[in-house]
Amino acid sequence: MTTPTALSAPPSDRTRWLALAIVMTAAFMDLVDVTIVNIAIPSIQRNEHASVGQIQWITAGYALAFAAGLITGGRLGDIHGRKRLFLVGIGGFTLASALCGFAANPEMLVASRLLQGGMAALMVPQVLSIVHATFPAHERGKVFGLFGAIVGLGAVSGPLLGALLTEWNLFGLEWRPIFLINLPVGVLAWLLGRRFITESRAPKALKLDLVGVALVTLGLLMLLYPLTRGRELGWPLWGYVSMAGAFVVFAGLVAYERRKAARDGSPLVELSLFRVKSFAAGIAVQTVFGVALGIFFLVWTLYMQIGLGWSALRAGLTGVPFSLAVSTAAGLSVQQLVPRFGRKVLQTGALVMGAGVLLYLWEADHYGLAITSWQMALPLVVMGLGMGLIVAPLTDAVLSEVPREHAGSASGLINTVQQMGNALGLGLVSVVFYGQIGDRLALAEIGPAFVHAFRHALWYVAGIMGVIFLLMCALPKRPAQHVEGAGEETPAEATAAPERELEPQPAG
C-alpha cells in the first residue's frame, strides 16, 4: 500500500497540456509500432532470410509480451509512480527500438521485439493514469475524444509510414528505419516527460501478482511455440504434449488466482467478474476477435507482397480505404448508432465484416493474380465498416453490467485478452496459411500458392466472425456508455483507474 503523492501546486494549464501531448505521443508510438511492422515483414524475410516461425514471432512476440505485462505495468505505476514508470517504459521502448533497428540476425530481432512489447506494457498503462491525475473530471471527455482521434490516425498512418520507409530504403537500411524512427521521438518524449509530467501514485495500490504473470506467460508460450514451429519441425509429439500442457497451466492459474483473491484481494485476474454473463461473453468476443485480426493482417500482407509481387508502398496504399472505413464507422457507432440500436450495432458489425471477408474471398478467386488495388477497395471498405462498428463500442458493452468497483480491473483484462488473442492468431498463421503452401516452390508456383493459401485463411476468418456474432447475443441489449469524466470518481474508482487502457486498437 502506498499513500498519494502530495503535489505542491496543481499543474498549470500550459504544463498539463504539454504533459498530455507527451503521453499521447507515446500512445501513438505504440499504435504505429503495432501496425507498421506487418507491411515490412516480406522485406525482413527476404533480406534477413528469416524462417516462417521467426516471422511469426517478430509480430506475435510483441503482442505476447505486451499482454503478459499490461496489468502488472499499471500496478507498478500505482505503487512506484506513474511518471517514473512512464519514463522507464518509454526509455526502454526507445532502446528496444534501436536494438530492433540494428538487429544482426532474426533471432536478435525476435528478442528485441519481446523487449519492446514488455516496455510498452510499462509505458501504455500510465497514459490514462497520468491523464486522470492531471485533468479534472469535467475536462476528460475532451481529452479522451483526442485519444479516439489518435487511435484512428495510428490505424491510417502506421501501414503508410511503414510502406514509405521500406520503399525509400533510406541509407540502404531496407526495413530498419521502421524501428529507428522511434529513436528521436522517444528521446524527445523522455526529456520533455521528465520535465513536464507531474508524479502521482494510487492511494490504495493493489499488490503485484508475479506468479500469475508467470503462469499466463508460460501457458501462452506452451501453446504458441508449437504452433509457430510445428510445421517446420514436422509436428513432433512434444508439440502436442506442450499444447495440452498449456491448458493444465491455465487450470493451475485459475486455482492460484482464487487463493490469491482470498488472501490479499489483488489477483492478476479478478475471477468473480466471470460470473457476469455479459462480461464473460465479452471477454470471449475480444479474444476471438483478436485471433481473427492476428490471422488476417499478417496473411493479407504476405498475400499482397509475396503472392501478388506488389511493392510495400502499393500494399500500404491499398489498405487506406480499410483504415478510413474503420475510423468513420467507429465514430458513427459510438455517437449515433449504439445509443439508438444497442447490441444490434455490434452484431451488424460482425455480419458486415464477415460479408466483406466473403466478398474478398470471391474476388481473390475470381481475379487471381490479376487482381488490382481498386478491385480490393470494395471488400476492404465493407470489412472496415464492420470492424468500426465493433471496436469502438465493444468495451462499453462488455463493461455495462460490471460493478463499478471492478471497472478498472475489467478494462485492463479486456485489453489483455485482446492482445493474447492477437498473439494466438499470429501463431495460427502456420496452420491456416503456411500449411497450404509447399516447402519447395518454383518461382511460377509462388503466386498461385499464396492466393490459394490466402483464400483458405479467409474461410477461417469468416467462420470466426460467425462465432463472434453468436457470442454477442450474450451482451446487454442496451450497453451503458461509460463516459470518462462524467462525474468525479469515488476513491475505489480512482484506485481502479490506472488499470484502464486505451480503447481496443486495430491490430496489424
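Tutor: Let's start with handedness: a crossing is right-handed if the near helix is turned clockwise from the far one by less than a right angle, and left-handed if anticlockwise. By that rule, α2 passes α4 in a right-handed crossing. This is a predicted model, where local features need pLDDT of at least 70 and side-chain atom pairs pLDDT 80 or more, while totals for chains, interfaces and linings use all residues. Residues are numbered from 1 along each chain as its sequence is written, and side-chain values use heavy atoms, leaving out hydrogens and water.

Student: What makes α2 roughly parallel to α4?

Tutor: The axes of helix α2 (residues 52-80) and helix α4 (residues 106-134) cross at roughly 30 degrees and come within 6 Å. Roughly parallel means under 35 degrees, roughly antiparallel over 145, roughly perpendicular 65 to 115, and oblique the rest, so α2 counts as roughly parallel to α4. The axes are lines fitted to C-alpha atoms over the stretch in contact, with angles from 0 to 180 degrees between N-to-C directions; the helices are DSSP runs (H or I, at least four residues), numbered from the N terminus. Their contact has 16 nonpolar, eleven polar and two charged residues.

Student: Why is α10 called roughly antiparallel to α16?

Tutor: Helix α10 (residues 277-307) and helix α16 (residues 443-471) have axes that cross at roughly 165 degrees and come within 9 Å. That angle is over 145, so α10 is roughly antiparallel to α16. The crossing is left-handed. Their contact holds 25 nonpolar residues, two polar and no charged, with Ala, Val, Leu, Ile, Met, Phe, Trp, Tyr, Cys and Pro as nonpolar, Asp, Glu, Lys and Arg as charged, and the others, Gly among them, as polar.

Student: What makes α14 and α15 oblique to each other?

Tutor: Helix α14 (residues 373-399) and helix α15 (residues 407-432) cross at roughly 135 degrees, their axes coming within 10 Å. That angle falls in none of the other classes, so the pair is oblique. α14 passes α15 in a right-handed crossing.

Student: How do you know that Arg-176 and Glu-48 meet in a salt bridge?

Tutor: Their N to O distance is 3.4 Å, and a salt bridge needs a side-chain nitrogen of Lys or Arg within 4 Å of a carboxyl oxygen of Asp or Glu. The pair qualifies. Arg-176 sits in the loop between α5 (140-168) and α6 (177-180), Glu-48 in helix α1 (residues 13-48), 128 residues apart. The whole structure has six salt bridges.

Terms used
Helix = DSSP H or I, 4+ residues; strand = E, 2+ residues; numbered from the N terminus.
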